[in-house]
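Visitor: Hi! Could you walk me through this one while I have it open in my viewer?
Guide: Happy to, let's have a look together.

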Amino acid sequence: RTADIECEIVVLGSGPGGYTAAFRAADIGMDAVLVERYETLGGVCLNVGCIPSKALLHASAVIEEAEAISAHGITFGKPKIDLDKLREFKTKVVGKLTGGLTSMAKQRKVRTVTGVGMFISPNELEVTTSEGTKLIRFQKAIIAAGSQSVKLPSFPWDDERVIDSTGALELRDVPKKLLVVGGGIIGLEMATVYASLGAEVTVVELADQLMPGADLDLVKPLQQRIAKRYKGIHLKTKVVAAKAEKKGIVVTFEGESIPETTVYDRVLVSVGRSPNGNKVGADKAGVEVTDRGFIPVDKQMRTNVPHIFAIGDLVGQPMLAHKATHEAKVAAEAAHGEKSFFDARVIPSVAYTDPEIAWVGVTEREAKEKGLKIGVGKFPWAASGRAIGIDRTEGFTKLIFDEATHRIVGAGIVGVHAGDLISELALAIEMGAEAGDIGRTVHPHPTLGESVGMAAEVYEGTITDLY
Ligand code: FAD
């Protein structure tokens, strides 16, 4: 069978992993083809993930700020919410970015093919397009097919009142009573949006803390703030049944703290994402996939088949866009024969909730589990001039150091803009910075970033009068 397209490298999936890989491959001189089942490029992150959620969270932050400033003499009154306009804003933000990708692909002469791609051999991908199937014959391939939200079978998914994050981002309306099942990053970000738009939000989480993965002390300021705003937060609790009835979705719970409300107008299920590794015909290409759907790779992002690489959500945790883009560059370069390796010491995580929670490297809990000898420097924002000035003193900055070397091994920040502050600490860890390096770096005053230097000074003992 003759191929419709012959290429040096094919990239399957156009999320942050896929488009970055295809663009990098083209930039270093490879003839690249990018296959995506949807009309727009950008994958989950740009279309139904990172970007639209942050556009809506911006609206939510403005509403909260406007309300908070009324305590200090400026009153705007109750917000009038025009959902159509807000949705339009979100759509425009997404469109700008995905449209940008299309022209970036053109500039680089990356050929894009719209359709569902499946491997049929180690060098062939069959793409089902609206104009029939197309056979792509390739020398190298990068699998970047991402992940999808876990659809727990105990929910009536055929009812439109049961939604996943994609449904929540559609912003069809603001439900009166919203149940969020799963108190991780995605669930709590969407809860933040809907609560500020006026929904009565209840969160249930199976684990004994919200945002499992982050240290508990980091989660506390968020939990305290939302405990006042939400109808309820229920830990160690699970949904055992959910039935679609005319009056709403009727939910039965089991666990330590059962919500009073049992009937909801909308139920958002955000209990995690599962990798798409076993949905691309990997077996036909001889590519190994785990039972859970992850594709094992080495440090060059190479699968067990030497000319096929894999990147992004489907190669493992953390399922984050910035991990995918970095892996993508390595894979493209390695496919080109370069000696590139994915060698990040740490990958930061950020929850864009209100307040934000950001962490990177070793957590205190991990250190304890692994028996690492660490020391902690913590700077409470109640002592930060800037935090006091914006009336958001609930945050803190925590740095974790190796006791023997005083090198930074981890960090956590909770507070407004924590996500924008964590990068300095990712860099510090990568560079092997010691407490003295961070404490003696002159940080601008008065900024929230100053708290980073201060936390290092607390650890070193050069600031002692905080507590
Ligand atoms: P994806 O973005 O999942 O892209 C995979 C692409 O492959 C998709 O476009 C899919 O259609 C396509 N595809 C799959 N199979 C086929 C096939 N057989 N044929 C053709 N095309 C196929 N991460 C962050 O870092 N920061 C955030 O703030 C953030 N917020 C998020 C908010 C939400 C609501 C969600 C759901 C996720 C969020 N994430 C965030 C996670 C982030 O979206 C993912 O980590 C990232 O998109 C992974 O990129 P990827 O390239 O691996 O795959």
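Guide: One definition before we start: a residue counts as buried if 20 or more other C-beta atoms lie within 10 Å of its own, as exposed if 12 or fewer do, and as partly exposed in between. Also keep in mind that this is a predicted model.

Visitor: Got it. Which way do the residues of β15 point, and are they buried or exposed?
Guide: Strand β15 covers residues 266-269. Arg266 and Leu268 point one way, Val267 and Val269 point the other way, and all are buried.

Visitor: Why that pattern of pointing?
Guide: In a regular strand the side chains alternate between the two faces of the sheet.

Visitor: Which strands does β15 pair with, then?
Guide: β8 (residues 162-163) pairs with β15 in the parallel sense over 2 bridges, and there isoleucine 163 stands opposite leucine 268. Strand β9 (residues 177-181) also runs parallel to β15, joined by 4 bridges. In that pairing valine 181 is opposite valine 269.

Visitor: What is the strand order in that sheet?
Guide: It is an open sheet of 5 strands in the order β8-β15-β9-β10-β11, with parallel pairing. β8 and β11 (232-234) are the edge strands, each pairing on one side only.

Visitor: What comes after β11, in the loop between β11 and β12?
Guide: Lysine 236 is found in that loop. Its phi is positive, about 45 degrees, although lysine 236 is not a glycine. Lysine 236 counts as partly exposed because 14 other C-beta atoms lie within 10 Å.

Visitor: And how is β12 paired?
Guide: Strand β12 (residues 237-245) runs antiparallel to strand β13 (residues 248-255), with 8 bridges joining them. The two form a hairpin with 2 residues between them. Lysine 243, for example, has valine 250 in β13 as its bridge partner.

Visitor: Which strand is β14, and how does β13 pair with it?
Guide: β14 (residues 263-264) pairs with β13 in the antiparallel sense over 2 bridges. Isoleucine 249 has tyrosine 264 in β14 as its bridge partner.

Visitor: Changing topic: which residues come nearest to the ligand?
Guide: Of the 34 residues around the ligand, Gly13, Gly15, Gly43, Gly146 and Gly312 come nearest.

Visitor: How does that shell divide into nonpolar, polar and charged?
Guide: There are 16 nonpolar, 15 polar and 3 charged residues in the shell around the ligand.

Visitor: Which helices and strands each supply at least two residues of the shell?
Guide: The helices are α1 (16-27), α2 (43-48), α3 (50-68) and α9 (321-335), and the strands are β2 (32-36) and β4 (116-121).

Visitor: You mentioned α3. At what angle does α3 pack with α4?
Guide: The angle is about 140 degrees, with the axes of α3 and α4 (residues 83-107) 9 Å apart. That makes α3 oblique to α4, since only angles over 145 degrees count as roughly antiparallel. As for handedness, α3 passes α4 in a right-handed crossing.

Visitor: Now some backbone oddities. Where are the cis peptide bonds you can tell me about?
Guide: One joins glutamine 317 and proline 318, with omega about -10 degrees. Proline 318 sits in the loop between β17 (308-310) and α9. Another is the bond from aspartate 354 to proline 355, where omega is near 0 degrees. Proline 355 is in the loop between β18 (349-351) and β19 (356-361).

Visitor: And what about the phi of histidine 417?
Guide: Histidine 417 has a positive phi of about 65 degrees, and it is not a glycine. Look for histidine 417 in the loop between β22 (408-415) and α12 (418-421). Histidine 417 is partly exposed, because 18 other C-beta atoms lie within 10 Å.

Visitor: Last one: is lysine 368 buried or exposed?
Guide: Lysine 368 is exposed, because it has 10 other C-beta atoms within 10 Å. Its place is in helix α10 (residues 364-370).

Visitor: How far is lysine 368 from lysine 238?
Guide: They are 130 residues apart in sequence and 28 Å apart in space, C-alpha to C-alpha.

Methods
Residues are numbered from 1 along each chain as its sequence is written. This is a predicted model: local features need pLDDT of at least 70, side-chain atom pairs count only at pLDDT 80 or more; totals for chains, interfaces and linings use all residues. A residue is near a molecule or strand if its C-beta atom, placed from the backbone, lies within 6 Å of it. Ala, Val, Leu, Ile, Met, Phe, Trp, Tyr, Cys and Pro count as nonpolar, Asp, Glu, Lys and Arg as charged, and the others, Gly among them, as polar. Two strands pair if DSSP finds at least two bridges between them. Axes are lines fitted to C-alpha atoms, for helices over the stretch in contact, and angles run from 0 to 180 degrees between N-to-C directions. Angles under 35 degrees count as roughly parallel, over 145 as roughly antiparallel, 65 to 115 as roughly perpendicular and the rest as oblique. A crossing is left-handed if the near helix is turned anticlockwise from the far one by less than a right angle, and right-handed if clockwise.
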